[in-house]
Amino acid sequence: VISFETLYAAPPQLMAHAPALLVAGPLVGAAAAALAPNSRWAWMISVGASIFAGWMALCIIGEVARHGVVDYALGGFAPPIGIAFRIDALGAMMALLISSIGVLAALYSGHGLQSEIRYEKHTLFQAGFLLCQAGLLGLVSTGDAFNAFVFLEISSIGTYALVAIGAGRDRRALPAAFNYLVMGTVGATFFVIGVGFLYAATGTLNMADLAARLATLSDNRVVLAGFAFIVVGLALKAAMFPLHGWLPSAYAYAPSLIAVFLSATATKAAIYLLARFIFIVFEPGAGFVELFLVWVLAPLAAAAAIICSIQAMLEPEIRRVLAFSSVAQVGYMLLGLSIASIAGLSAGLMHLLAHSIMKAALFMALGGIAISLRARTLADFAGVGRDAPWTMAGFAIAAASLMGLPLTFGFLTKFRLIEAALASDQIWIVAVIAVSSLFGVIYVGRMLEAVFLKPSAPSAPRAAEAPFGVLVPLWILAVASIWFGLDAQLPESLANAGALALFGERP
Amino acid sequence: MTVDQMLILLALATPLFTAIAVYAVGRMPDVRETLTLFGCIALVIITLSIAVRVGQGFPPAWVAARPLQGLELSFRLEPLGALFALMASVLWGINSLFSIGYMRGRREANQTRFYVCFALAMFGTMGIAMAGNLFTLFVFYEVLTFSTYPLVTHKGDEPSRRAGRLYLGILVGASVALLLPAIIGIHVLAGSTDFTPGGLLADKVAPGLAGVLLALVVFGAAKAAIIPVHAWLPAAMVAPTPVSALLHAVAVVKAGVFLILKASAYIFGPALIANMRVSQYLLWIAAAVIVIASLVAMRKDDLKARLAWSTISQLAYITSAALIPVSASLFAGGLHMVTHAVGKITLFMCAGAIYVASGATKVSQMSGLGRRMPIVFTCFLIGALSVVGLPPFAGMWSKFLLLTTSFGSEEWITAAAMIVSSLLSLFYLAPIAIRGLLPPASDAPPAEFIRPGGVPGVAIAPIILTAAACIILFFAADEVTAFLIPIAGAAP
């Protein structure tokens, strides 16, 4: 088992402020990118700020491994008055995930933007991207329920604008973004109403204090209402079935970079927050939470895994296939959550990591093709495998992981998930995963058949290999999918520590 | 790394390296095919060395990777696996010779892809044969499925693509939906999936639960083509004949029954199988498959389809053997795996030779053809009689052992099914050769050869080799059985 206890990524003076800098770095970067003179500068700022955030995430991982939890009071004001950051092993894992994907997405944006966004908008686009990243990083590091709402909205507002910029390529991005904005705002409002109820019942917004005070209030109606509002709000943000209607269009019509970044991080951050509320703020043993896990979360997650896989099977547009598959995969993660054992949570979190890696790679490959070819449907992709072998080989590896092929990361996480379900005697979850994997084989098979086996029509426009700047991050992710399929120690130890943290334990 | 571990690594690396090398020199057909043959010879030497080590009582073992805590990619040889590896590699060599004659004789397109996928399929087969636990076996099982898919769809037209979808759909579907949950279930119950002499699950699991797992394995191992997961095998006959010969008579289908035999011997164990009721039901299903597939085969006029249905029937013999809870039965199943492979590959290569020379694919077109190609039809007769189980051909011993064990353990239905099906197979296989060699006067004379000169010599030689093997194995069966004795615990 890998341990980060000996990881000192920065001098202690800097390390002490890592939680604040983690968020501040991309936030300052966003302002700088907005003022940058041209696209090139904005890109460099974006890469620099993302790498800085990744560095800070590494600092935090080390600190968390040594102390279990990192507490940080912003500006030196202690919690009841000031804003508190509180990062445990789960938050550290999420911060590392978001910032790593952020670095790769920023690298990718050097070439990936050209065909999709007008040149003069590149600076604003990078600013929005960094804002979104800052919001997500803040979300996973804050220890304050209201503050979580603020960060959620920072990231979401950035996202709405970024999806809408996709209108340069496809006008349908505008209704998609509007739809996303309405649904996202409804979700955020529900969440903040729920937080308000909890505040009314307990008089605090700090999550640790909330947990302590809610322990005696489990039959309080206000608390129950608060719980319901929070769960529905976060379910909307996490695209939990059947509240996922906004997601397929948003992913399909957004610029490729945003599809890459959102599919790998945004819904995941919402799942993180949901897990945090269920397991830390509330008590998973409390009657109403247990009822929710068993009778609401598990059935809906199972429905997502099956119904959305079927939708992905029937969908002609390739990006929407991947989007529906994302909703189905969110179902897997939530199934892991609903098992509510350490093994189940660890499997769900591991699947979260695996899915981030593979979905980012898949969207990156599609973006790489979009530079040279306007292709939307599966039929448009006929023969692309011959024209762009390296791009599509990366795509195929990530797709194999999505399918759960042995020797890929996706296989191991499904393995752990089924194992956890069997260990808690929930055979029906095994059946759900098996059936849904079957559909997964079919929709992935359809994509690969179109890309590699169908000959392209003689008169059809031909795709070209993606530029080097796209291939590098794509292949980093593809190699990671294989590497972790052969040796999953690193992600497993991260996920295990995260699952233990949800139960207030340390590895 | 010890020498034994190096042998395992080499057995995996040789076909893999052959695939890469063949791809690299794809533009030069002569070099490409020489490399393939070199790869075959090297692999035969390696698998022979492995078999010798196993025979000496020092089975090679190697843990290659440990992806998760408690989950290992490990290899461990035992007699059944060593025999399977040796058989597959020898027949790969023979079949490669035949492929060269067939593919050149037919002037097929995409020949480089053909040889690359063939070598990759052998990589998968070696991994299956040497796997030390169910997880490793599963990994290479999927490698075999995916590497043979381009071979099935080789022609690239719509019917072969449709067949390919069926092929992939059933094989992957069954392995993901049935086999994988069974493997993970075994992993959870026993803490590992290692092949353990006497049975990993013995004393660990109640017979009822073990029965469910066994059923999942038998149907999940769709490559063994038990009805209703059999439809891929007749569909796969759209592939070029060398593919049908090696993969759909030897490597792929034998991997399926090999998995069932291994699971029966080393995961469940005879004692546990004897205690479960499900194994009895499965035996009845297998007996039904033995007879039904033979009946279907009788009605098929397309020669390859007939051979495919005959394979389904013969595979069910081996599945039955795996389900009868006496160790002698495993032994008979292992032997039948070898003798049927040798006989069936002969039949398929003959079918391919007939097709190359005359273009005939239907049994009804072959009357009198044997006058023009006497060697091919004589070899067909030898292969057919061996598959039926008549002396002096190899198939007789395994049929004999299968029958004695099923009588011995009072499985009357299985024994009856085997006898009936053997008679049926005599009626649907032997007349093809006999009518070819001695046509009734009323039949119209066969059409002219479509290829001047008939069958290329390089395609005839392998047919003679395997037909001769059918006879030699009859007299040398003792060697094979002596090698297999350790899996049975004692001589039968």
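Biologist: How many salt bridges does a search of the whole structure find?

Modeller: The search finds 20 salt bridges over all chains. Keep in mind that this is a predicted model. To read such a feature, look for a side-chain nitrogen of Lys or Arg within 4 Å of a carboxyl oxygen of Asp or Glu. A good one to begin with pairs A:Glu317 with A:Arg376, where the closest N and O atoms are 2.9 Å apart.

Biologist: Which parts of chain A does that pair tie together?

Modeller: A:Glu317 sits in the loop between helix 12 (287-314) and helix 13 (318-339) of chain A, while A:Arg376 sits in the loop between helix 14 (342-370) and helix 15 (384-387) of chain A. The pair therefore ties together parts that are 59 residues apart in sequence.

Biologist: Are A:Glu317 and A:Arg376 buried or exposed?

Modeller: Take them one by one. A:Glu317 has 12% relative accessibility and counts as buried, because buried means under 20%. A:Arg376, at 39% relative accessibility, counts as partly exposed.

Biologist: Which residues are linked with them in a network of salt bridges?

Modeller: The network of salt bridges links A:Asp170, A:Arg172, A:Glu317 and A:Arg376.

Biologist: Now chain B, please. Where do B:Glu158 and B:Arg161 lie?

Modeller: Both are in helix 6 (residues 158-190) of chain B, 3 residues apart, which is about one turn of the helix. They form a salt bridge, with the closest N and O atoms 3.2 Å apart. B:Glu158 is partly exposed, its relative accessible area being 36%, whereas B:Arg161 is buried at 13% relative accessibility.

Chain B has another pair to look at: the side chains of B:Arg32 and B:Glu33 meet in a salt bridge at 2.7 Å, N to O. Both B:Arg32 and B:Glu33 are buried.

Biologist: Let's turn to the interface. What area is buried between chain A and chain B?

Modeller: Here is the general idea: the size of an interface is often given as the accessible area lost when the parts come together. In this model, the area buried between chain A and chain B is about 2,200 Å², and carbon and sulfur atoms give 78% of that. As for contacts, 29 residues of chain A touch 25 residues of chain B.

Biologist: How many salt bridges does the rule find across the interface of chain A and chain B?

Modeller: The rule finds 1 salt bridge across that interface. The side chains of B:Arg165 and A:Glu449 meet in a salt bridge, at 2.8 Å from N to O. There are also 4 residue pairs in polar contact across the interface, both residues being at pLDDT 80 or more.

Biologist: Which elements give two or more residues to the side of chain A that touches chain B?

Modeller: They are helix 17 (409-423), helix 18 (427-453), helix 19 (468-486) and helix 20 (489-502) of chain A. Helix 17 of chain A gives the most, with 8 residues. The residues on this side of chain A divide into 20 nonpolar, 3 polar and 6 charged.

Biologist: One last feature. How many disulfides are there over all chains?

Modeller: First, the idea: a disulfide is a covalent bond between the sulfur atoms of two cysteines. The count over all chains comes to 0 disulfides.

Biologist: Why does B:Cys117 not form a bond with B:Cys40?

Modeller: The closest cysteine sulfur to that of B:Cys117 is in B:Cys40, but it is 15 Å away, so it is too far for a bond. B:Cys117 itself is buried, with 9% relative accessibility. Over in chain A, A:Cys132 also counts as buried, at 2% relative accessibility.

Methods. Residues numbered from 1 in each chain as written. Chains lettered and ligands numbered in written order. Predicted model: local features only at pLDDT ≥ 70, side-chain atom pairs only at ≥ 80, totals over all residues. Heavy atoms only, no water. Disulfide = S-S within 2.5 Å. Buried < 20%, exposed > 50% of the residue type's maximum accessible area, 1.4 Å probe, protein only. Contact = heavy atoms within 4.5 Å. Buried area = accessible area lost by both parts, 1.4 Å probe. Polar contact = N/O pair within 3.5 Å; in protein donor to acceptor, adjacent residues only side chain to side chain. Helix = DSSP H or I, 4+ residues; strand = E, 2+ residues; numbered from the N terminus. Nonpolar A, V, L, I, M, F, W, Y, C, P; charged D, E, K, R; others polar.
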